[in-house]
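Student: I should like a close look at a single part of this structure, with its surroundings explained step by step. Please begin with the pairing of strands and work outward from there.

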Protein chains: 2
Amino acid sequence: MTKKLLPERTIERLSEYRRTLLRKLSEGITHIHSHSLASMHGITAVQVRRDLMLIGFSSDNKKGYNVSELIDFIGKILDSDNVVGVAIVGMGKLASAITSYFNGKRSMMRIVAAFDNDPDKIGKEIASIPVYSIDSFSKECERLGVKIALLTLPAKALDGIRDVIDNSPIKGILNFTSKPFTPAEGSNVYVEDYDIITLLEKVAYFTKDDNLS
Amino acid sequence: MTKKLLPERTIERLSEYRRTLLRKLSEGITHIHSHSLASMHGITAVQVRRDLMLIGFSSDNKKGYNVSELIDFIGKILDSDNVVGVAIVGMGKLASAITSYFNGKRSMMRIVAAFDNDPDKIGKEIASIPVYSIDSFSKECERLGVKIALLTLPAKALDGIRDVIDNSPIKGILNFTSKPFTPAEGSNVYVEDYDIITLLEKVAYFTKDDNLS
């Protein structure tokens, strides 16, 4: 059976709702109305209700959504049944910061291995994860069951990594370099480009003096 | 005179085109066709031409766009006339990685100051930038002419920073915490939320076994 995929923006919002709900639950809140959830995310209540309708979640209208039920429900959509292992390609400063930041937070997803071509790093542990040679990328991803990779290598090394990715079990990529990543032709790897400089230039543009009326 | 703002996605692409063009220029390429630029970004040539039409750039159709003219032209749209100073709020690992990553790359934008409430950090230099007390945020931003802030503090500290931002010269925010940042009511600060975990959960969703047909 082929399941219909949810829209990308809905997936993003479900992830965001869950984080808010987990916080509210820890504050002792058991029920929440769509308009409260909406205002915490700066969107409309209609949008929240539409997202939750899409995943088939309904609420007791008087009391609002049951917070812990909704957390579980979103988890069924977003999470895999087992912990998902993630690999880092390029173990520099940014990678190390992302690893520390990330492994402290989520339990269903973990950065489990890093790959680099620097002999000084290979065989060591950095930010508490083992660093392997990029030459053993496919083999280690296979062994560890890793299907998602974060690219934190220099942009100029992206082209060289395309075939390595193509010949590996990787199915999803989060690209932190300053260049878009184009997967090998015919591959159906899902790519999300995540470029800090583009976003910062965007903020700068929208805050330029001559753009403020 | 109030200028009409360009669409957000166009701004993002202009920033991306420029980086590609700078690389091509360094490789000795002087002219480039819209379809080449398009294929490097995984979009259509029509999209590229529409973006450049929006900013009023036209080309000699036979030879393609003049690379160095186009770089200058995009710079006039995106860049300020002077170097733009950027402040970091929360000088942890992620902030330090972003600073090193960023200050190595762009000349028209620089991270010039960091703010923290940790007495062990205040008064020191971290990643080559001075760390000030968050209590002097507005004063230092004023002195340094800083109008853009990157938020890299813990998500739970976001609420406490709202008034600090509101009472400062800050006009644009790039928020790296796991929680959306809502500016104080009535303020017209431009906010871009940039959340790593949401994006990673999105990649994970689109690469889940039962979502791959």
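Tutor: In this predicted model, strand β3 (residues 84–89) of chain B and strand β7 (residues 148–151) of chain B run parallel and are joined by 4 bridges. Within that pairing, B:Ala87 has B:Ala149 of β7(B) opposite to it. Strands of a sheet pair through backbone hydrogen bonds, in either a parallel or an antiparallel manner.

The two strands belong to an open sheet of 7 strands in chain B, whose order is β5-β6-β4-β3-β7-β8-β9 and whose pairing is mixed. The edges are taken by β5 (125–126) and β9 (190–193) of chain B; each has a single partner strand, so one side of each is left without a neighbour in the sheet.

At the β9 edge, strand β8 (residues 172–175) of chain B runs parallel to β9(B), and 4 bridges join the two. One of the residue pairs here is B:Ile173 with B:Val191, its bridge partner in β9(B). The faces of β9(B) can be told apart: B:Tyr190 and B:Glu192 form the covered face, whereas B:Val191 and B:Asp193 form the uncovered one.

Next comes the helix associated with the central strands. Helix α6 (residues 137–144) of chain B has as its buried residues B:Phe137, B:Glu140 and B:Cys141. These residues span an arc of only 100 degrees around the axis, and therefore lie on the same side of α6(B). The other side of α6(B) carries B:Lys139, B:Glu142 and B:Arg143, which are exposed. The cover over the buried residues of α6(B) includes β3 and β7 of chain B, together with β4 (109–116), β6 (129–133) and α7 (158–166) of chain B. The parallel pair described at the outset is thus part of what covers this helix. Just after α6(B), B:Gly145 adopts a positive phi of about 70 degrees.

The relation between the chains can now be considered. A turn of 180 degrees, with a shift of 0.0 Å along the axis, lays chain B on chain A with an RMSD of 0.0 Å. This is the relation of a two-fold axis. The C-alpha of chain B nearest that axis belongs to B:Ala97, at 3.2 Å from it.

As for the interface, 64 residues of chain B are in contact with 64 residues of chain A. Of the interface residues of chain B, 100% are also interface residues in chain A, so the copies meet through the same surface. About 6700 Å² of area is buried between chain B and chain A, and carbon and sulfur atoms give 66% of it. Between chain B and chain A the count of salt bridges is 0, while the structure over all chains holds 14.

Several of these salt bridges involve helix α1 (residues 8–26) of chain A, and three may be taken in turn. In one, the side chains of A:Arg9 and A:Glu12 meet at 1.9 Å, N to O. The two residues are 3 apart in α1 of chain A, which means that about one helical turn separates them. A:Arg9 is partly exposed, with a relative accessible area of 44%, whereas A:Glu12 counts as buried at 12% relative accessibility.

Another salt bridge joins the side chains of A:Arg13 and A:Asp51 (2.6 Å, N to O). Because A:Arg13 lies in helix α1 of chain A and A:Asp51 in helix α3 (residues 45–54) of chain A, the pair ties together parts that are 38 residues apart in sequence. A:Arg13 counts as buried at 11% relative accessibility, and A:Asp51 is buried with a relative accessible area of 1%.

In a further salt bridge, the side chains of A:Arg18 and A:Asp79 meet at 2.8 Å, N to O. Here A:Arg18 lies in helix α1 of chain A, and A:Asp79 is found in the loop between α4 (67–78) and β3 (84–89) of chain A, so the pair ties together parts that are 61 residues apart in sequence. A:Arg18 counts as buried at 7% relative accessibility, and A:Asp79 counts as buried at 14%.

How values were computed. Residues numbered from 1 in each chain as written. Chains lettered and ligands numbered in written order. Predicted model: local features only at pLDDT ≥ 70, side-chain atom pairs only at ≥ 80, totals over all residues. Heavy atoms only, no water. Least-squares fit on C-alpha atoms with pLDDT ≥ 70 in both. Contact = heavy atoms within 4.5 Å. Pairing = 2+ DSSP bridges. Buried < 20%, exposed > 50% of the residue type's maximum accessible area, 1.4 Å probe, protein only. Arc of directions from axis to C-beta. Buried area = accessible area lost by both parts, 1.4 Å probe. Salt bridge = Lys/Arg side-chain N within 4 Å of Asp/Glu carboxyl O.
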